[in-house]
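Student: I would like a close look at one part of this model, the place where the two chains meet, with enough of the surroundings to put that part in context. Please take it slowly and keep to what the coordinates support.

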Number of protein chains: 2
Amino acid sequence: MSHCHTLIQNLRQNGYRITPQREMIIESLAHQPGHQTAEQVFDQVKTRTRSVNIATIYRTLDLLVSQGLATRTSLCEGEVVYATRQHGPHIHLVCRQCGCLINADSGLMVGVSDQLQALYGFDADLQHISITGLCTACQHNSPQGG
Amino acid sequence: MSHCHTLIQNLRQNGYRITPQREMIIESLAHQPGHQTAEQVFDQVKTRTRSVNIATIYRTLDLLVSQGLATRTSLCEGEVVYATRQHGPHIHLVCRQCGCLINADSGLMVGVSDQLQALYGFDADLQHISITGLCTACQHNSPQGG
DNA sequence: CTCCTTGCAAAGCCTTTGCACGCTG
DNA sequence: CAGCGTGCAAAGGCTTTGCAAGGAG
């Protein structure tokens, strides 16, 4: 069964009302494998009903984030994406050419994180890292670089 | 002598005209130690003349970026900053609480970069990494988190 | 002289907000 | 029943664009 029930329970326990809109938004977000923009969630929800407004999408996503049930990440190109917390921390690899998004293991960053703490006293949030670069396909498509 | 002359030469050689506006914008960007938003560059330039429009700031910054003379980075909070390339690659540490910006040595990322290439075939651009977290001061100010 | 670059202002994009009605609990 | 949540539409912030005049080369 799906993770979205946990999210819904969580909201309910915190005194928030569960409306059909919120259910659909949560399901759309939770059932997708990766990250989605508000617009993408909107499109998903629209396939099931026309009676949801984009403002409600934003409000619900913000609610989930404020409750710690979802994350909001600003990718390097300025695109803002949301995801439920089920995925756990990971690094976003964003291709600067084709825009594709790869989720990498954030364990790779643990060493760096420790060093940032030691050298700069900075407590890095491994949940929110995104790195720009070129994916495999685009490296081969542009041997000279852009 | 300043780095901005190199930038200006470079533009000229590529057939772009050097206007007083472009000179001032380049100087403002090059003489600042770190990164600046378009608005900050605008403010800088305004201290020297009133006859520059914000649209010109955006157009010139975009020109510099398209010519590879400057970088455009979207920090984790969605703020877009520009910098000339003289600073070399570095990591942006953005405090999610006070918003302060620390430049860290991107050498820390070399190992991670290699692993991303090996594991995901991803060629990370070390020039554009930004990491959210808490700076030293804010770690002590918010022992319980927000 | 040619035409690139600029200022102005309006438009554009994405996101947020005010309001009254409807629905959840 | 109480009041939170919604749709609608307008506003908001930041950035881009169309146009005619002006300046660089």
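In what order do the elements of chain A run from the N terminus on, and, with that as background, how many residues of chain B are in contact with chain A?

Tutor: The model is a predicted one, and everything that follows should be read as a description of that prediction. Starting at the N terminus, the elements of chain A follow the order α-α-α-α-β-β-β-β-α-β-β-α, which amounts to six helices and six strands. Taken along the principal axes, the C-alpha atoms of chain A fill a box of roughly 50 × 40 × 30 Å, and the chain is divided into domain 1, residues 1-85, and domain 2, residues 89-146.

Turning to the part you asked about, 35 residues of chain B are in contact with 35 residues of chain A, and the two chains bury about 2,700 Å² between them, with 63% of that area on carbon and sulfur atoms. Of the area that chain B buries against chain A, 24% is supplied by Leu108(B), Tyr120(B) and Phe122(B), more than by any other three residues. Between chain B and chain A the count of salt bridges is zero, whereas 10 residue pairs, with both residues at pLDDT 80 or more, are in polar contact.

The side of chain B that touches chain A receives two or more residues from each of several elements of chain B, namely strand S3 (90-95), strand S4 (101-105), helix H5 (110-120), strand S5 (123-124), strand S6 (130-134) and helix H6 (136-141). Among these, H5(B) gives the most, with six residues. Sorted by class, this side of chain B has 19 nonpolar, 12 polar and four charged residues.

Strand pairing also crosses from one chain to the other: strand S5 of chain A, residues 123-124, and S6(B) pair in the antiparallel sense over two bridges, and within S6(B) the bridge partner of Ala124(A) is Gly133(B).

Two of the strands that contribute to this side of chain B, S3(B) and S4(B), also pair with each other, running antiparallel and joined by five bridges. In that pairing Leu93(B) stands opposite Ile102(B) of S4(B). The two strands form a hairpin with five residues between them, and in the turn Gly99(B) has a positive phi of about 80 degrees.

For context, one may set beside this the boundary inside chain A, where the centres of domain 1 and domain 2, taken over C-alpha atoms, are separated by 25 Å. Here nine residues of domain 1 of chain A are in contact with 12 residues of domain 2 of chain A, and the two domains bury about 860 Å² between them, 59% of it on carbon and sulfur atoms. The count of salt bridges between these domains is zero, while two residue pairs, both residues again at pLDDT 80 or more, are in polar contact. On the side of domain 1 of chain A that touches domain 2 of chain A, the residues divide into two nonpolar, four polar and three charged.

Salt bridges are nevertheless present elsewhere, the count over all chains coming to six. One of them lies within chain A, where Lys46(A) forms a salt bridge with Asp43(A), the closest N and O atoms being 3.6 Å apart. Both residues, Lys46(A) and Asp43(A), lie in helix H3 of chain A, residues 38-46, three residues apart, or about one turn of the helix.

Key: Residues numbered from 1 in each chain as written. Chains lettered and ligands numbered in written order. Predicted model: local features only at pLDDT ≥ 70, side-chain atom pairs only at ≥ 80, totals over all residues. Heavy atoms only, no water. Contact = heavy atoms within 4.5 Å. Buried area = accessible area lost by both parts, 1.4 Å probe. Salt bridge = Lys/Arg side-chain N within 4 Å of Asp/Glu carboxyl O. Polar contact = N/O pair within 3.5 Å; in protein donor to acceptor, adjacent residues only side chain to side chain. Helix = DSSP H or I, 4+ residues; strand = E, 2+ residues; numbered from the N terminus. Nonpolar A, V, L, I, M, F, W, Y, C, P; charged D, E, K, R; others polar. Pairing = 2+ DSSP bridges. Domains from an automatic or database assignment.
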